[in-house]
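Here's a quick tour of a protein chain, written for someone just getting started with structures. Have a look at the picture first, then work through the notes below.

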Amino acid sequence: MKPNAIGAIGENSAHWISEGVLLLPGPQSAGWRLCTDIGDFALIPLPHALPNQAAEYAGWSAYRPARSDGSALSRVQIEQALTGRLVAELSSRGSGRGSGRGAGAGAGHGTGAGAGAVHGALGAAGLVLSSRASLAKVKASTGVQVALLLDSLYGAAAARQRQSASGSGFGFGFEFGARVTPAGVSFALWAPTAKSVTLLIFLPSNQTDTPDARVPMLREADGTWTASSAPGETDWVGARYLYEVEVYAPTTGKIETNLVTDPYSIGLTLGSKYSVVVDLSDSQWAPPIWTNTPAPTLEHPVDHTIYELHVRDFSRDDETVPAEWRGKYLAFTCADTAGVQHLRQLKAAGMNTIHLLPTFDIASIPEDPAVQESPGDLEGYAPDSPHQQAEIEKIRNNDAWNWGYDPLHWNVPEGSYAVSATGGSRIYEYRSMVGTLHDLGYLVVADQVFNHTMAAGQKHNSILDKIVPGYYYRQCMNTGKVFDSTCCPNIATEHIMAEKLMVDSVVFWARAYKLDGFRFDLMGHHTRGNMLAVRAALDELTVERDGVCGKDIYLYGEGWNFGEVKNDALFVQARQGNLGGTGIGTFSDRLRDAVLGGTPSDQATALAQGFGTGLATPAPHSVHSFVSRAAVLESVKRTASLKQLTDNIKIGLAGNLRDYELPIHSGKMRRGDQIPYGDDFVGYADEPAEVVTYVDAHDNETLYDYLVLKLPRDLPMADRVRMNTFCLSLVTLAQTVSFWHAGTELLRSKSLDRNSFDSGDWFNYIDWTGANSGFGRGLPPAADNKERWPFEKALLADPLLKPGPSDMQAAYEAALDLLRLRFSSRLFRLGSAELIKQKVSFPLSGPKAPAGVIVMLIDDLIGPDVDPLLAGILVVFNANPKTISLKIPELVGREFELSPIQANGFDEIVKKARYSAMTGSVQVPGRSTVVLIERSGG
């Protein structure tokens, strides 16, 4: 990042990167001094920055803070500066040291400025530029970013000395937070810049906000503050507690006394006001079904077939669940509800992994049902009415629904999903849910959000910044402003203790709850090293010691490349293309965008048609007048676009491998990493398990809503159902991990909402009985959809676009057959790049490839025998509305037949497929995916 000149008041533009080196942006003149409450120190120019920082800080000037005799600051002096109050008062009459009265940050700066406080990051320092060495006239000032200094002085030691307590036997805890041991309860909080920290204890019998004990904590050499109960003390187990942290806050320019919960909390009160001491090894928090039910196992990570599910959505509208358990963890434990029966049926067909949207403590959801608001009865409004969303808008900040991508406490289950949320109760309920899902045959994945928190600084819901101000958040190098490209203040997991908190948390959830996988939100904002550290820590876990086999835990996330970290600007990101060889998966937008058309991140193209949404129709047509300029192309252009998208899908079906070769539509042979995709390339993975293939998720529209927006309005519902199944088939039969959004198999609709993160229960409705798809529940919320209301109104009002129960059932039965096909043969899940390159090919590719058709051959006659029962599988994806007939010369003489799953399955149209061994020809009905098998020896 190119440095800017210093001078703006209130910015933190300098960097203290080690005990002996300060960096200033660009070449600077003499006269800069380091001003702290312990003195003013000259800056002695250094020839360059530290070698390991030279590239990152190219163009910056390096200095060493020193006394008048040239001697460097001692570590003690640095610590004093870090924990002191910065009040250097400067006037036009000369310079003087602060008396402790200091004005607000940035006051009085400028040429000929009067007395004013020089601000600094974390209370560390301010830099003042003067026209004379006496600092008589202040020209400019800047604060100092000291995160790297804190890592150098304390972070490395703290991370090394205070490893996660795996195998300790003391309740699955950490070296930080509250730990229950046979000797009592110990507390540890990393706060290296704090002047003091006091532990406040509220005994279980205390119902007031007045603490029973105020315990001064002791500061250790690594910046950690510690305290312990008296030996053998038992009253503190179950107690509430807070930390009182006295620390300089650069956002206010003064010492603050902050009452904060523990960032390492494992228990909370209702509403997350207090941390709670919980002994997780206590049997009262360990339900038998969780303790005694082993997790299922998979042969290979690519076997993961993932169902993305929101805890509240699962049971909120399920009348077969007891009323007090609806929307709660315990709803999963009911044996015969509509939702559980649905999960059983999916599992029997092949679904094997439940991905739960965020279930950590969420800042945006009020946990107490007594304060939660609801919009009332919305049933009476018209399907195209704006009133539903208007009523939801009134209460959405206080209702019980949110996606939950705004963490408050990372290591505690969200309380609004618990029947009883205080202390260990929510832990018991969460474990009950996990145990029940294991008993149903499902692995359980938790959605994790370590890239941001909801707030920073001294704001409400800020925790980390009230303990170590400025350390945990990623700041602009030139200004010190906290980046918020992820939507909220970005966590700087490139800093040692931020990474440690991330790693400790993941390990904790694995051990304390026996989770089987983790999905990382905006993973590209983490470093590749962060993810490797998580992987290494999990790999150490064993069933015998920790209750889980860490090596079996699957990791995946959003590898998007954007923001201040884009293109590895600050570090090597954990993004698409950077995780080859790690086994860590990333969601692939390549196949998604090719199937759907356009891209959700660009509304100018988001409603364009794709391979599975109508682009294969014989002639152009205006789907809706609003896309006439963006999506309706002349026939030639449509054909060219279709061929390009078809190539992208083929690479996706083959695992998005960077070195998979394919004859593309131009006739040239190209590797996956040579086929363009925007500014990148289609192929980016080394192994198929490093890719998660999907067409819809909680983000953006549902698959059915995409079809409504993109298909011709007069297309019959039966064809829409077929297109829903067709799009899902491209996900399910890919050689990668497969991912479904809950309800997609039931034509789930969110009434065309493109961003339902806070749209309430109403628009996030799901009906496991298959009676109501959710389409036509009113115009979607205005904030993200109003510009589309003019055309959405007509769509939502059209009764022919609302699926009926028979339509939903047809889509569901066809989707179950897709799962059965995926698990009918190991050939659909080869699991290695080498096997895919040997066995997977795409006959009829190249310039003469039929439009709207993909032919995929998985040939078990080549390479090692993967499926002893089969010689090969032939899959034909026909996006065209009519039956196509193809001759495939290389198949002449090979005996393929329709898969028994389809021959005996739900779809009567697919059963009309025909194959001739004599001519190697196949006939495939329109809008169909046909799977043919060749038996061994056939």
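**A briefing on the fold**

The largest nonpolar core of this chain has 191 residues, and the ones that touch the most other members are Phe 187, Leu 199, Tyr 243, Tyr 430, Phe 518, Phe 520 and Leu 538. Helix α9, which covers residues 496–513, gives this core its largest share, at 12 residues. Keep in mind as you read that you're looking at a predicted model.

**Inside the cores**

- Let's zoom in on Leu 538: leaving out residues up to four places away in sequence, Leu 538 touches Val 506, Val 507, Ala 510 and Phe 518.
- Leu 538 also touches Gly 550, Lys 551, Ile 553 and Leu 555.
- Another core sits apart from the largest one; this other core has 19 residues, including Leu 857, Ile 884, Leu 891 and Leu 898.

**The chain as a whole**

- If you count up the pieces, the chain has 21 helices and 40 strands.
- The chain is 938 residues long, and 62% of them count as buried.
- Take the contacts between residues with a separation of 6 or more: 71% of those link residues 24 or more positions apart.
- About 32400 Å² of the chain is exposed, with 52% of that supplied by carbon and sulfur atoms.

**One sheet to look at**

- Here's an open sheet of 4 strands, paired antiparallel in the order β10-β11-β15-β14.
- Which strands are at the edges? They are β10 (177–181) and β14 (218–219), and each of them pairs on one side only.
- Strand β14 pairs with β15 (residues 224–228) over 2 bridges, in the antiparallel sense.
- Across that pairing, Arg 219 stands opposite Trp 225 in β15.
- Helix α2 (residues 147–161) packs on this sheet and touches β11 (184–190), β14 and β15.
- The direction of α2 makes about 155° with that of β11.
- A bit of background: strands in a sheet pair through backbone hydrogen bonds, and the pairing can be parallel or antiparallel.

**How confident is the predictor?**

- The average pLDDT for the chain is 89, and 88% of the residues score at least 70.
- Where does the confidence stay under 50? One such stretch is residues 85–126, for which the model has 130 contacts beyond four places in sequence.
- Residues 625–635 also have a pLDDT below 50, and the model gives this stretch 18 contacts beyond near neighbours in sequence.

Technical notes: Residues numbered from 1 in each chain as written. Predicted model: local features only at pLDDT ≥ 70, side-chain atom pairs only at ≥ 80, totals over all residues. Heavy atoms only, no water. Buried < 20%, exposed > 50% of the residue type's maximum accessible area, 1.4 Å probe, protein only. Contact = heavy atoms within 4.5 Å. Areas by Shrake-Rupley, 256 points an atom, 1.4 Å probe, with all protein chains shown as cover. pLDDT = per-residue confidence, 0-100. Pairing = 2+ DSSP bridges. Axes fitted to C-alpha atoms, helices over the stretch in contact; angles between N-to-C directions. Core = buried A, V, L, I, M, F, W, Y, C linked by side-chain atoms within 4.5 Å.
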